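Visitor: I would like to go through this model with you. May I put some short questions as we look at it?

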Amino acid sequence: MAVTMNDVARAAGVSLKTVSNVLNDYEFIRPATKQRVQDAIAELGYEANLTARSLRSGKTSMLGLVLSDLAAPYYAELAAKLMKAASRRGYRVLVEQSDAQSEAELNALRGPFRQLTDGLLFTPLAIDADAIAERAGKKPLVMLGEHIMDPRFDLVTMKNEEAAAALTKHLLDSGRRRIAVLGASPEESAGSAGLRLNGYRRALEQAGVAFDPALIASGVWRRDGGAGAVAGLLDSGVQFDAVFGLNDVLALGALHELLIRGLRVPQDVAVAGFDDIDEARFASPSLTTVSPGMDEIAERSITLLLDRLAGRETAGQGVHIEAGFELKIRESAP
């Protein structure tokens with residue numbers, strides 16, 4: 001027969017309530033008593049019924065995380081950091097991939113995934129703020145990223161515009177004047193692409209360098225998107241002496257295309273990215289990029305979500321947090 005909490009209580013010589021307090025990590029328990037209970041649990045092989053416990057407490061000790069694409073290195077690395085930050089606080093993270101599909105994003109807000117978790121970390125790309133507000137329910141929710149910046153919601157993001165301006169200034173200070181941007185269209189002004197493009201334009205203006213729409217190349221934020229965007233610029237005869245990929249994988253794709261075309265990096269064309277994914281350090285040449293405070297984003301996102309769960313944050317307007325950034329100057333754009 002299965003070992004019960006009563007069996008553990010008898011073996012440890014304590015009350016059933018004491019066993020429950022140990023299992024729920026109640027802090028006001030004498031160390032010796034806690035150790036006796038833990039020894040009894042180990043000896044008897046007791047396994048807590050997490051479903052029953054969550055029904056009693058109304059909490060699962062699970063957090064939800066919805067990302068659009070786990071194959072994207074930035075999202076994969078961020079997910080790992082969020083899991084570690086949650087684990088340090090006694091929580092596990094359930095991850096759902098939405099593929100930027102509206103149905104998947106809506107299902108994450110209402111349905112089994114939401115019921116299994118105490119709070120949600122959410123990166124919506126396909127649905128709008130009103131759709132989220134309609135379906136968010138009473139459980140806390142923290143937005144990640146820049147797609148929806150609405151005062152009704154808690155948001156943790158990065159300093160996209162400031163960081164892009166700083167990186168562009170670095171390229172300008174190194175003598176580059178024809179800086180191509182990969183991953184945007186010239187008219188974009190919102191979302192990650194728009195904010196980073198705004199920062200680029202601001203740095204050009206401050207340096208007295210004219211903005212040239214011919215230097216802005218659209219492309220999906222993947223390696224093949226970066227390679228294709230640079231190939232298009234080269235084939236069309238557009239002159240450029242630097243490339244700024246709006247994320248690192250765009251920049252890495254561009255780096256590959258430039259090298260197979262016989263161009264030297266950084267001598268002929270400097271290359272820079274954004275995100276400081278692990279691969280950036282090991283590219284050849286290593287990639288100059290923006291480190292957008294991924295550790296800080298993870299820590300502050302989890303802290304904010306758990307503060308909401310505990311009622312430590314005042315209800316009402318959402319909290320908006322921007323993590324700091326750092327330029328990582330490497331071989332591709334010294």
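Visitor: Which residue just after α6 takes a positive phi?

Guide: That residue is G111, whose phi is about 135 degrees. Please keep in mind that this is a predicted model.

Visitor: And α6 itself, which of its residues are buried?

Guide: Helix α6 spans residues 102–109, and its buried residues are E105, A108 and L109. They lie on the same side of α6, because the arc they cover around the axis is only 100 degrees.

Visitor: What do those buried residues pack against?

Guide: They pack against three strands, β1 (62–67), β3 (119–122) and β4 (141–144), and against two helices, α7 (112–115) and α8 (129–135).

Visitor: Let us take the sheet of six strands, then. What is its order?

Guide: The order is β2-β1-β3-β4-β5-β11, in an open sheet with parallel pairing. At its edges stand β2 (92–97) and β11 (320–323); each has a single partner strand, so one side of each is left without a neighbour in the sheet.

Visitor: By how many degrees are neighbouring strands turned against each other?

Guide: The average is 20 degrees for neighbouring strands of this sheet, with direction ignored.

Visitor: How many bridges join β1 to β2?

Guide: Six bridges join these two strands, which run parallel. As one example, L63 has V93 in β2 as its bridge partner.

Visitor: Where does α6 touch this sheet?

Guide: Helix α6 packs on the sheet and touches β1, β3 and β4. The direction of α6 makes about 155 degrees with that of β3.

Visitor: Changing topic: what is the strand order in the sheet of four strands?

Guide: That open sheet has the order β7-β6-β8-β9, and the pairing is parallel. Its edge strands are β7 (216–217) and β9 (270–272), each of which pairs on one side only.

Visitor: Which helix packs on it?

Guide: Helix α10, residues 191–207, packs on the sheet and touches β6, β7 and β8. Its direction makes about 170 degrees with that of β6.

Visitor: How many bridges join β6 to β8?

Guide: Four bridges join β6 (residues 179–182) to β8 (residues 242–245), and the two strands run parallel. A180 stands opposite V243 in β8, while the bridge partner of L182 in β8 is G245.

Visitor: What about the pairing of β8 with β9?

Guide: Three bridges join β8 to β9, again in a parallel arrangement. Here V243 stands opposite V271 in β9. These two strands, together with helix α12 (residues 248–260), make a right-handed β-α-β unit.

Visitor: Which way do the residues of β8 point, and are they buried or exposed?

Guide: A242 and F244 point one way from β8, V243 and G245 point the other way, and all are buried. In a regular strand the side chains alternate between the two faces of the sheet.

Visitor: One last topic, T33. Where does it lie?

Guide: T33 lies in helix α3, residues 31–44.

Visitor: Why is T33 classed as buried?

Guide: T33 is buried because its relative accessible area is 10%, and the cut-off for buried is under 20%.

Visitor: And which residues does T33 touch?

Guide: Not counting residues up to four places away in sequence, T33 touches V14 and T18.

Notes
Residues are numbered from 1 along each chain as its sequence is written. This is a predicted model: local features need pLDDT of at least 70, side-chain atom pairs count only at pLDDT 80 or more; totals for chains, interfaces and linings use all residues. Side-chain values use heavy atoms; hydrogens and water are left out. Buried means under 20% relative accessible area, exposed over 50%, partly exposed in between (1.4 Å probe, protein chains only). The arc is that of the directions from the helix axis to the C-beta atoms. Contact means heavy atoms within 4.5 Å. Two strands pair if DSSP finds at least two bridges between them. Axes are lines fitted to C-alpha atoms, for helices over the stretch in contact, and angles run from 0 to 180 degrees between N-to-C directions. A crossover is right-handed if, with the strands pointing away from the viewer, the path from the first strand over the helix to the second runs clockwise.
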